[in-house]
Amino acid sequence: AAVKIFPEEPEFVKAYQKVTAAVNKYGSLDNIYTKTQGNKVERIKNTKLPLATVKDAALEKILIEGFNKKYGQEYKGTALKAVLTQDGWTIERHNISGVVTGRNRTGKIAYKGTDGKCYLLSNNIFIYQAFIGNSFSNTEVIYNGLGGEEMLCENVK
């Protein structure tokens, strides 16, 4: 329709040609659905926790327990394993005064859902500590992602 309404726009013609080529390549909607399902199975099979940048059992435990306490019910699951994806802390400062306000460190978590499937949180999960007085305290786990990617439970290593 856009090509007919705006014949002088070459981008619409190119887009139409790409879509037509894709439809011709895969054929019917059933073929496209079958291909999509195959891609999904492959993605699940190949999803794995990233390698840990650094190992720290105490911080990994904070991530696991923090996820279970704060997000376990929301995600309907229990954390199985955590890895740290950052080898040091990122210091946070007040944007005007420059005073240290806290620090954070990133990680990834694999969890098992009540549905029996395992998931990898697709975004980083953070350990956050506020800077109060002269020390870091009030440790909490923060996750701002939209959910997890399904993975095989055997890939949680």
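Phe6 is a partly exposed residue, at 39% relative accessible area, and Phe12 falls into that class too, with a relative accessibility of 34%. In this predicted model, the two rings form a tilted aromatic pair, with 5.9 Å from centre to centre and 50° between the planes. The whole structure holds 10 aromatic pairs. A bigger grouping also turns up: Phe67, Tyr71, Tyr75, Tyr111, Tyr119 and Tyr143 come together as one aromatic cluster.

Two further rings are of interest for the charge placed over them. The charged end of Arg103 sits over the ring of Trp89, at 4.0 Å from the ring centre. The charged end of Arg103 also sits over the ring of Phe136, this time 4.2 Å from the centre. Phe136 shows up again around Val100, a residue of strand β3. Setting aside residues up to four places away in sequence, Val100 touches Ile91, Glu92, Arg93, Phe131 and Phe136. Val100 and Ala130 are 30 residues apart along the chain, and their C-alpha atoms are separated by 8.9 Å.

Next comes the nonpolar interior. The largest nonpolar core has 16 residues, and those touching the most other members are Leu63, Phe67, Ile109, Tyr111, Leu121 and Ile125. Helix α4 and the strands β1 (77-84), β3 (100-113), β4 (118-121), β5 (125-132) and β6 (135-143) each give two or more residues to this core. Apart from it lies another core, of seven residues, including Leu49, Cys118, Met151 and Val156. Phe67 and Tyr111 thus appear twice in this account, as well-connected core members and as part of the aromatic cluster.

Ile109 gives a good view of how the pieces meet. Not counting residues up to four places away in sequence, Ile109 touches Leu49, Leu63, Ile64, Phe67, Ala79, Lys81, Ala82, Tyr119, Leu120, Leu121 and Ile125. Among these partners is Leu49, a residue of the seven-residue core. Ala82 is another partner of Ile109, and Ala82 is also in contact with Glu60.

Glu60 itself deserves a closer look. The residue lies in helix α4, which spans residues 57-70. Glu60 is buried yet has no salt bridge, and the nearest side chain of opposite charge, that of Lys55, is 5.5 Å away. A salt bridge needs a nitrogen-to-oxygen distance within 4 Å, so a pair has to come inside that limit to count. Beyond its neighbours within four places in sequence, Glu60 is in contact with Val54, Lys55, Ala82 and Leu84.

Elsewhere, charged side chains do find partners, and the count comes to four salt bridges. One of them joins Glu42 to Lys45, with the closest N and O atoms 3.4 Å apart. Both residues lie in helix α3 (residues 29-46), three residues apart, or about one turn of the helix. Glu42 is partly exposed at 37% relative accessibility, and Lys45 is partly exposed as well, at 41%.

Another bridge belongs to helix α4. Lys61 pairs with Glu65 in a salt bridge whose closest N and O atoms are 3.8 Å apart. The two are separated by about one helical turn, because they stand four residues apart in α4. Lys61 has a relative accessible area of 47% and is partly exposed; Glu65, at 45%, is partly exposed too.

A further bridge reaches across the chain. The side chains of Glu140 and Lys70 meet in a salt bridge, at 3.2 Å from N to O. This pair links distant parts of the chain, with Glu140 in strand β6 and Lys70 in helix α4, 70 residues apart. Glu140 is partly exposed, with a relative accessible area of 33%, and Lys70 is partly exposed at 42% relative accessibility.

Finally, a word on the backbone. Lys76 has a positive phi of about 50° although it is not a glycine. Lys76 lies in the loop between α5 (72-75) and β1 and counts as exposed, at 54% relative accessibility. Asn138 likewise has a positive phi, near 55°, without being a glycine. Asn138, however, sits in strand β6, the strand that also holds Glu140 of the bridge to Lys70.

Key
Residues numbered from 1 in each chain as written. Predicted model: local features only at pLDDT ≥ 70, side-chain atom pairs only at ≥ 80, totals over all residues. Heavy atoms only, no water. Buried < 20%, exposed > 50% of the residue type's maximum accessible area, 1.4 Å probe, protein only. Lys, Arg positive; Asp, Glu negative; His and termini not counted. Contact = heavy atoms within 4.5 Å. Phe/Tyr/Trp six-rings, centres within 6.5 Å; stacked < 30°, edge-to-face > 60°. Lys NZ or Arg CZ within 6 Å of the ring centre and 35° of its normal. Core = buried A, V, L, I, M, F, W, Y, C linked by side-chain atoms within 4.5 Å.
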